[in-house]
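Trainee: I would be grateful for a close look at a single part of this structure. Please take one residue and work outward to the elements around it.

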Amino acid sequence: MNKKLVSTFIALTILTSMAATGCSNKNNQKETTQSTTPIEYNEPGTFPIVKEKQEISIVAPDTAYILDLNTNDFTKWFEEKTNIKVNYEQIPEESFKEKKNLMLATGNLPDAFMMGGFSKEDEVNYGQQGIIIPLNDLIEKYGYYTKQVFEQQEQLPAAVTAPDGNIYSLPRINECYHCMYSGKAWINQDWLDKLGLKYPETTDELVEVLRAFKTQDPNGNDKQDEVGIIGSTDGWNANPIDFLMNSFVYNDYGKRLGVKDGKIYFSPLTDEWREGLKFVNELMEEGLIEATSLTQPMQEMTALANSEDPVIGVGIGATPNDTIGSEALGRFKMYQPLSPLEGPNGVRTTITSPGGIYSGHFVITSAAKNPELIFKWVDSLYNPEVTMCSNYGIEGQEWEVAPEGYVGLDGNPAKWAKILKPETTGEKNTAMPNVALVNLTADVRAGEAIDPNDEMAPYKGEAMLFSATRDYYEPYAQEEYLPSSMYMLPEELDGFAQLQTQILDYVKESMGAFATGTRDINDDAEWEKYKKELEALNVARYLEVHQAAFDRTK
């Protein structure tokens, strides 16, 4: 099936009306009811999947934005559609990794993990131990929608195939354009206009803008309450240091690795990294970066953004929701995306991670007594209609076919439109975004309608993020970058997770120390000490293993 046919198939499927009924289940206990007779299945690609009701157990995170997976509207709708009831055991997000690892270590396993956060190293380790099972045969025999996804995506199945040839997890397909360039910042355009300042393009121009924001009372309340740059510790790419470093050397916010001419380098050991830290330190000493950015949770930054008077000059974060204030306060239209600034040596780049394929999302464990049943259930999550409902909610309740004449985010005719409702905050229970396995292609995401009757529509949500990415960030993308499909060999993994954690923790700690002046970035001896400490953590092996995996992927 070629890509054009798949896109047509998706569009046609979205136009199909569907029932949205189901029954509620409040049982959070892990249980699996096994039939005493062989399970009778319907034809592949048809619903319900089974003739008689079946049950499976799945462990998933208890997220802050979904009330209850067991009573979720989509869960109930999908149970009726498939005739398979899922008993979700929900583990609080903050303790999910720890409890998941305990389950894997003790053998107290569910049938499957969804949104399990299995790294490629985890897949290899647990797969070779037999704790999670290979899916190759299941895909070959029963992968009705999985095979369509594999044909549609050029990176698949290679991107989810371990070095031993096995596929241990099914990926979440989310071709999220704005996620691919997620190192964003948002600048108060109203303040620029009021003070007669031009939009900053360089680091020097940014400094002048920040000084004006701090001292010239742009919010007009006769108080010196304005802040320059602010971020948070747990927001999505919300650390100001990370954003500013890309004016000096490529910073991926995570592994701290760049690629030049096919060779991987470690940014925190470069002279350019030091120059970036010097710049950040100067801004911190002058009070142009709020020191709380390195200690406050996102919730506190959001509260500041929602102050009675606007006080934020530049908010750091992949999305503007938590950095510039609520729609109700009229803040969305006040801000513009802030592109990466050009540094003193002409560097101007942004975090680059194209792909949209996230492996490790769904695994089946060795405890599953009927892997075929579980696989058929999860395979059907890739169905385009099911993907729409799991991510956005039930058709007719949360979304509808786009009215004629509406355009999508990309300017082409829209495929679907959200049903506008009063703005709400906190937990919802209509769908399972980010949790359910999905096949969210770029065509589907870009097909969301922009409401021409809502003058604020271009300034919020996916519309803002799409145009911001296109105009302000993609132009500064890296030509060479690490792909997400890199697997390491078992022998390379020995002790590697601990080594990587120690190195990256040390880098993060040192960034804060040099930025705040706890360590003197201008002291040559202190910088040499930092480099030797890093090298002693075996950065050489860290680079060697990544280079080998990168070369195999190429």
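Mentor: What follows is an account of one loop residue, the helix it contacts and the sheet that begins beyond its loop. The model is a predicted one. Ser339 is located in the loop that runs between strand S10 (335-337) and S11. Its relative accessibility is 5%, and because buried means under 20%, Ser339 is counted as buried. Leaving aside residues up to four places away in sequence, Ser339 is in contact with Tyr199, Phe243, Arg348, Tyr472, Tyr473 and Tyr476. For one of these neighbours, Tyr472, there is also a polar approach: a polar atom of the Ser339 side chain lies 2.9 Å from the backbone oxygen of Tyr472.

Tyr472 and Tyr473 lead to helix H15 (residues 461-473), where both are buried. The buried residues of H15 also include Ala463, Met464, Leu465, Phe466, Ala468 and Thr469. Their cover includes S10, along with strand S5 (185-188), helix H9 (240-245) and helix H14 (442-446). H15 itself has 13 residues and spans 17 Å from its first C-alpha to its last, close to the expected 18 Å.

On the other side of the loop, S11 belongs to an open sheet of 6 strands with mixed pairing, ordered S2-S1-S3-S11-S4-S14. The edges are formed by strand S2 (84-92) and strand S14 (439-440), each of which pairs on one side only. S11 (residues 357-364) pairs with strand S3 (residues 112-114) in the antiparallel sense, over 3 bridges. Within this pairing, Ile364 in S11 stands opposite Ala112.

How values were computed. Residues numbered from 1 in each chain as written. Predicted model: local features only at pLDDT ≥ 70, side-chain atom pairs only at ≥ 80, totals over all residues. Heavy atoms only, no water. Pairing = 2+ DSSP bridges. Helix = DSSP H or I, 4+ residues; strand = E, 2+ residues; numbered from the N terminus. Buried < 20%, exposed > 50% of the residue type's maximum accessible area, 1.4 Å probe, protein only. Polar contact = N/O pair within 3.5 Å; in protein donor to acceptor, adjacent residues only side chain to side chain. Contact = heavy atoms within 4.5 Å. Expected span 1.5 Å × (residues − 1).
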